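Welcome! Here is a short guided tour for someone meeting this structure for the first time. Please keep the sequence and the 3D view at hand as you read.

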Amino acid sequence: MTETSGTATGSKKPQSADLHPGPGFRIRLDFPRLDPETVTGFTEFGTPDISDLLNRLYAIDPLIARLAGGSVVGLACTVRTYPGDNLMVHKALDVARPGDVVVINAGVGRSNAVLGDIISTKAKHRGIAGFVIDGLIRDLPDIQPLGFPVYARGTTPMGPLHRGPGEINFPIACGGVVVNPGDVIVADDAGVVVVPQGIAKDLLERLRAKAEAGAAYIEAVQRGEFSNAWVDTQLAAQGCPIEPYAGGFDG
């Protein structure tokens, strides 16, 4: 396709380089929010227990792991950046509310960081709960003393540009899982899970019921009192042959 310029002499940038308002370059200032008690309730549970009751389909890529700070629970303020750019990450500091987790899809780029110690420091002052980033960060030695939760794929010394485009508070993919604004993010040393907002209250009730029902079993296992009879039942149901050892070797 032939690019057109602003003048016949081509002294202006090509129009194909312009940013266009709408999909890919837009911001929503907020989203429907769960009550704080429901969100806080997920601090009672680790990500493996939550993942189990989500049928193991809502845990994000385990390569996105904790690099700084501790566990974090909060509502997702979603950010999508153009590869190598972080303009929308800066703007998210104004959009996210205290207690939100900023979840970032950094695009397919794996060279540039989308944030470092300065943004992390600003975020901590704003009361943001933490970052979960499908991408890279930089300045890790200066982020770690902040005690501010940052989960990402890794680090690089290469910083980003600040031009856009990007989106805030629209659905994104993070580590292979769709994240909608307002979903509950739970992150700890075991990983990161996404709880869809629409089922969060029901899931929290089921988590509490399962924990209560399983408490006696866990205590028994800790005492060494358990049976693996269920394993044989499962193997038999699947028709697995179990042969006694008769000595010697086949073949």
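## The largest pocket

Let's begin with an opening in the protein: the largest pocket has a volume of about 160 Å³. Please bear in mind that this is a predicted model. Which residues line the largest pocket? They are R33, L34, P36, V39, T40, T43, V73, G74, L75, G99 and D100.

You can sort this lining by chemical character: 5 residues are nonpolar, 4 are polar and 2 are charged. Two elements, α1 (36-41) and β3 (72-81), each contribute at least two residues to the lining.

## D100, a residue of the lining

D100 is one of the residues that line the largest pocket, and you will find D100 in the loop between α3 (87-95) and β4 (101-105). Is D100 buried or exposed? The relative accessible area of D100 is 2%, so D100 is buried, given that the cut-off for buried is under 20%.

Now look at the polar partners of D100. Its side chain makes a polar contact with the side chain of R33, at 2.9 Å, and R33 is itself part of the pocket lining. A polar atom of the D100 side chain also lies 2.9 Å from the backbone nitrogen of R97. Setting aside residues up to four places away in sequence, D100 touches F31, R33, L75, C77, I128, A129 and G130.

## Strands β3 and β4

Just after D100 comes the strand β4 (101-105). How many of the residues of β4 are buried? The count is 5 of 5, and β4 is mostly covered. Cover is found on both faces: V101, V103 and N105 are buried on one side, and V102 and I104 are buried on the other.

The strand β3, which helps to line the pocket, pairs with β4 in the parallel sense over 5 bridges. To trace this pairing, find T78, whose bridge partner in β4 is V103, and then V79, whose bridge partner in β4 is I104. β3 also pairs with strand β12 (residues 184-188), here in the antiparallel sense over 4 bridges. In β12, A187 is the bridge partner of V72. Because 8 of its 10 residues are buried, β3 is largely enclosed by the rest of the structure.

## D134 and its partners

Another aspartate to visit is D134, in strand β5 (residues 130-134). Its relative accessible area is 8%, so D134 counts as buried, the cut-off being under 20%. The side chains of D134 and R153 are joined by a polar contact of 2.5 Å. The D134 side chain also reaches the backbone nitrogen of G175, at 2.8 Å.

Leaving aside neighbours within four places in sequence, the contacts of D134 include I64, A106, R110, A173 and C174. I104 and N105 are also among the contacts of D134, and these two appeared above as buried residues of β4.

## L29, an exposed residue

For a contrast, turn to L29, in the loop between β1 (25-27) and α1. Why does L29 count as exposed? Its relative accessible area is 62%, and exposed means over 50%, so L29 falls in that class.

Leaving aside neighbours within four places in sequence, L29 is in contact with V95 and N169. L29 and N112 are 83 residues apart in sequence, and their C-alpha atoms are 26 Å apart in space.

## Backbone details

Here is some background for the last stop. Most residues other than glycine have a negative phi, and most peptide bonds are trans. In this model, R56 has a positive phi, near 60°. R56 sits in the loop between α2 (47-53) and β2 (65-68), and R56 counts as exposed at 59% relative accessibility.

D139 also has a positive phi, of about 65°, although it is not a glycine. Its place is the loop between β6 (136-137) and α5 (140-143), and D139 is partly exposed, with a relative accessible area of 27%. Where is the cis peptide bond between G164 and P165 to be found? P165 lies in the loop between β8 (154-155) and β9 (166-168), and omega of the bond that joins G164 to P165 is about 0°.

Note on methods. Residues are numbered from 1 along each chain as its sequence is written. This is a predicted model: local features need pLDDT of at least 70, side-chain atom pairs count only at pLDDT 80 or more; totals for chains, interfaces and linings use all residues. Side-chain values use heavy atoms; hydrogens and water are left out. Buried means under 20% relative accessible area, exposed over 50%, partly exposed in between (1.4 Å probe, protein chains only). A polar contact is a pair of N or O atoms within 3.5 Å; within protein, one must be able to donate a hydrogen and the other to accept it, and residues adjacent in sequence count only if both atoms are side-chain atoms. Contact means heavy atoms within 4.5 Å. On a 1 Å grid over the protein atoms alone, a cavity is a set of points where a 1.4 Å probe fits but cannot get out, and a pocket is an open set with protein on both sides within 12 Å along at least five of seven lines; lining residues have an atom within 4 Å of a point. Grid points are joined across faces, edges and corners, and a volume is the space filled by probe spheres set on the points. Ala, Val, Leu, Ile, Met, Phe, Trp, Tyr, Cys and Pro count as nonpolar, Asp, Glu, Lys and Arg as charged, and the others, Gly among them, as polar. Two strands pair if DSSP finds at least two bridges between them.
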